[in-house]
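Trainee: I would like a close look at a single part of this model, followed by whatever else helps to place that part in its surroundings. Please take your time over it.

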Amino acid sequence: MAAYRESWAATFRALDPPDPESPDLAETLTGEALSETVNIVATRERLGHRVEGAIEPHPVVVSATATEVLLDDCAIENSVEYDGAGAVVDTADDAAFNYRVTVVDEDGAWKVAKFERREEPCEPA
């Protein structure tokens, strides 16, 4: 679960200011999760936007093997996205997001490999 929590921290560090080449991303994410996150950060960079905030994860282990952990999470996001002039373009105030997350052991380091955002509402565990 530490790897999952750190992946969110790394993502928000990479968003303020946007740095799609941040080494923190590759240290905490892999595969689909890495490519999707890099694309999100790169889009903010192209737009000249930055995002301040954080996600408070509430993960629960669904299943675990020696090389893969499946988590369900009702993550709470508090963030603000600003444009290049500093105007607010989007906010998330205690927004709950329902995720199914796959964390894998990649050469001895646990990394998030997949985020699946689900539409069903959730309550933090």
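Which residues of α3 are buried?

Mentor: Before turning to the helix, please note that this is a predicted model, in which local features need pLDDT of at least 70 and side-chain atom pairs count only at pLDDT 80 or more, while totals for chains, interfaces and linings use all residues. Residues are numbered from 1 along each chain as its sequence is written, and side-chain values use heavy atoms, with hydrogens and water left out.

The buried residues of α3 are A33, T37, V41 and A42, where buried means under 20% relative accessible area, exposed means over 50%, and partly exposed lies in between, with a 1.4 Å probe and protein chains only. They cover an arc of only 155 degrees around the axis, and therefore sit on the same side of α3; the arc is that of the directions from the helix axis to the C-beta atoms. As background, an α-helix has 3.6 residues a turn, so residues three or four places apart point the same way. The cover over the buried residues of α3 includes α1, α2 and β5, whereas the face turned away from the buried side carries the exposed residues R46 and L47. Helices (H or I, at least four residues) and strands (E, at least two) are DSSP runs, numbered from the N terminus.

As to its length, helix α3 takes in residues 31-47, and its 17 residues should span 24 Å at 1.5 Å a residue, which agrees with the 25 Å between its end C-alpha atoms; the expected span is 1.5 Å times one less than the number of residues. After α3 comes G48, with a positive phi near 80 degrees.

Positive phi values also occur elsewhere, in residues that are not glycine. Most residues other than glycine have a negative phi, and most peptide bonds are trans. D94, in strand β4 (residues 88-106), has a positive phi of about 55 degrees and is exposed, with a relative accessible area of 57%. D107, in the loop between β4 and β5, has a phi near 55 degrees and is exposed at 82% relative accessibility. A cis peptide bond, with omega about -5 degrees, joins D16 and P17, and P17 is placed in the loop between α1 (2-14) and α2 (23-28).

Strand β3 deserves a look as well. S79 has its place in β3 (residues 68-82), and at 9% relative accessibility S79 counts as buried. Its side chain makes a polar contact of 2.6 Å with that of E77, a polar contact being a pair of N or O atoms within 3.5 Å, of which, within protein, one must be able to donate a hydrogen and the other to accept it, and residues adjacent in sequence count only if both atoms are side-chain atoms. Leaving out residues up to four places away in sequence, S79 touches F12, V51, E52, G53, D90, T91 and A92, contact meaning heavy atoms within 4.5 Å.

The count of disulfides comes to one, a disulfide being a pair of cysteine sulfur atoms within 2.5 Å. The sulfur atoms of C74 and C122 are 2.2 Å apart in this disulfide. Because C74 lies in strand β3 and C122 in the segment after β5 (109-118), the pair ties together parts that are 48 residues apart in sequence. C74 is buried at 5% relative accessible area, and C122 is buried at 17%.
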